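Hi,

Here is the structure I said I would pass on. Have a look first, and my notes follow below.

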Amino acid sequence: MESYLVFKDLAIIIIFAKLCGILARKCKAPQVVGEIIAGLLIGPSVLGWVNQSDFLVQMAEIGVILLMFSAGLETDLKDLVKTGPIAVLIACAGVFIPLVCGALLYMAFYGMSPWGSEGFYKAVFVGTILTATSVSITVESLKEMGKIKGKVGTTILSAAIIDDVIGIIVLTFVIGIKNPELKPTAVLLNTVLFFVFAIVVGFISYKIFQMVDTKYPHTRRIPIAGLAFCLAMAYIAERYFGIADITGAYVAGIILCSIRDSQYIAEKMDTNSYIIFGPIFFASIGLKTNVENMSMGILIFSIAFVLVGLFSKIIGCGLMARLCKFSWLDSGKIGVGMMTRGEVALIVSQKGLTAGLLTPVYFTSVILLIIISSVVTPIILKVLYSKDRAGSGESA
């Protein structure tokens, strides 16, 4: 293929992704939903204007690395520490229940598979997709109601951060044990070794960045060095520990999230991601989505997938919140606030496709879950908060 043809593909992707993203925001849906639909429209399933190429695959990979780095940079460690064990317990329940329910759902449709078989790994991976939480929609709703700094709001945000960390570890473990050359014990050991490495290197890197940030505050060399650190951690994670590269990028963001110019780094990363790498990544999801092979069985599975995805989070997080002495009403708010899905679910799905644990037709199920959870979560939250009696709800 002539090299100049990629410019045509990039132009089409960027224009359609942004137009559809704007339309999605007008319809009160996340912009990423529009970008995914853009990929679906211009891809082989509808118009056929753009086909997936090795170049676009690599660009999308850079996009997902930048997204996870930004997510790490925006982590608030103070909030994480403040909510403490309660957020950890809620996050663990919010991962375990959807993981089990998702795996059982896949087995209910496609049969029980013995431990270690291909079908077993695929079932577990479907559950892994459901572990991710995206609270961007929840955050906007809580801000609108003035409840973002209340006990419930802080718990939701902290639990969602921990939820994603645990989900990424689960993803790393599942993809690792899928490799026939690796034993589960080896995967677990590699995972532990990577996080030990991350703590040691992270402490040293944090001190270096802190010194540079003090001497040269708010200069472009800081985000440039931050990007290099992100890419290095992504490479080291995959190359030397067999850990997903997105885990390395996410950890790099967490390491740098407490330096003074972390927000400045995040802004620079967001600029690159917003203009080119983000649209390419999300559009690539649509390009890979194969609606031509959509059957009635897949449609029914998608509906069940959405229902299980929503209710497993409400049940897991809500019941654990209740066990942690929240009222039934506040437990419901936490469960509903944790049920939205977004970028991380797409990233996990993308990794599953690369590892051979997911086929493109199932992206439709994931996209439906993102759209429906993004629409219903703000509505249900407003209803639940309207039930607060004077003095009985959380403090704003």
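Let me begin with helix 12, which gives the most to the nonpolar surface patch, with eight residues. Bear in mind throughout that this is a predicted model. The patch covers about 1,100 Å² and is made by F109, Y110, M296, L299, I300, I303, L307, F311, I315, L319 and W328. Two elements give two or more residues to the patch: helix 4 (77-110) and helix 12. On the helix 4 side, Y110 counts as partly exposed, at 37% relative accessibility.

Helix 12 itself runs from 296 to 323. Its 28 residues should span 40 Å at 1.5 Å a residue, and the end C-alpha atoms are indeed 40 Å apart, so the two values agree.

What about a residue of helix 12 that is not in that patch? Take S312, also found in helix 12. S312 has a relative accessibility of 3%, so it counts as buried. A polar atom of the S312 side chain lies 2.6 Å from the backbone oxygen of V308, and the side chain also reaches the backbone oxygen of G309 at 3.4 Å. Leaving aside neighbours within four places in sequence, S312 is in contact with I97, P98, C101 and R341.

Just after helix 12 comes K325, with a positive phi of about 80°, although K325 is not a glycine. That caught my eye because most residues other than glycine have a negative phi. K325 sits in the loop between helix 12 and helix 13 (328-337) and is exposed, with a relative accessible area of 74%. H218 is another non-glycine residue with a positive phi, here about 55°. You will find H218 in the loop between helix 8 (184-215) and helix 9 (221-241).

Now the overall picture. The protein chain has 15 helices and zero strands. Of its 396 residues, 53% are buried. Among contacts with a separation of 6 or more, 80% are between residues 24 or more positions apart. The accessible surface comes to about 18,000 Å², and carbon and sulfur atoms account for 69% of that.

Salt bridges next: how many does the structure hold? There are three.

- K8 pairs with D9, the closest N and O atoms being 3.6 Å apart. K8 counts as partly exposed at 44% relative accessibility, whereas D9 counts as buried at 6%.
- K18 and E35 meet through their side chains at 3.5 Å, N to O. K18 lies in helix 1 (residues 5-26) and E35 in helix 2 (residues 31-42), so the pair ties together parts that are 17 residues apart in sequence. Both K18 and E35 are buried.
- D330 and K333 have side chains that meet at 2.9 Å, N to O. These two are three residues apart in helix 13, so about one helical turn separates them. Both D330 and K333 are buried.

Helix 10 deserves a look too. It covers residues 245-256, has 12 residues and reaches 17 Å from its first C-alpha to its last, close to the 16 Å expected at 1.5 Å a residue. Is helix 10 mostly covered or mostly open? Mostly covered, with 11 of its 12 residues buried. The buried ones are D245, I246, T247, G248, A249, Y250, V251, A252, G253, I255 and L256.

One of those buried residues, A252, has its C-alpha atom 8.7 Å from that of L231, although the two are 21 residues apart along the chain. L231 is found in helix 9 and is partly exposed, with a relative accessible area of 42%.

If you only have a few minutes, I would start with the nonpolar patch made by residues including F311 and W328, then go to S312, which is buried at 3% relative accessibility, and finish at the salt bridge between K18 and E35.

Cheers

Note on methods
Residues are numbered from 1 along each chain as its sequence is written. This is a predicted model: local features need pLDDT of at least 70, side-chain atom pairs count only at pLDDT 80 or more; totals for chains, interfaces and linings use all residues. Side-chain values use heavy atoms; hydrogens and water are left out. Helices (H or I, at least four residues) and strands (E, at least two) are DSSP runs, numbered from the N terminus. Buried means under 20% relative accessible area, exposed over 50%, partly exposed in between (1.4 Å probe, protein chains only). Patches are made of residues with over 30% relative accessible area and no salt bridge: like charges are joined within 9 Å, nonpolar side chains (Val, Leu, Ile, Met, Phe, Trp, Tyr) within 5 Å. Accessible areas come from the Shrake-Rupley method with a 1.4 Å probe; for residues, only the protein chains shown count as cover. A salt bridge is a side-chain nitrogen of Lys or Arg within 4 Å of a carboxyl oxygen of Asp or Glu. Contact means heavy atoms within 4.5 Å. The expected span of a helix is 1.5 Å times one less than its number of residues. A polar contact is a pair of N or O atoms within 3.5 Å; within protein, one must be able to donate a hydrogen and the other to accept it, and residues adjacent in sequence count only if both atoms are side-chain atoms.
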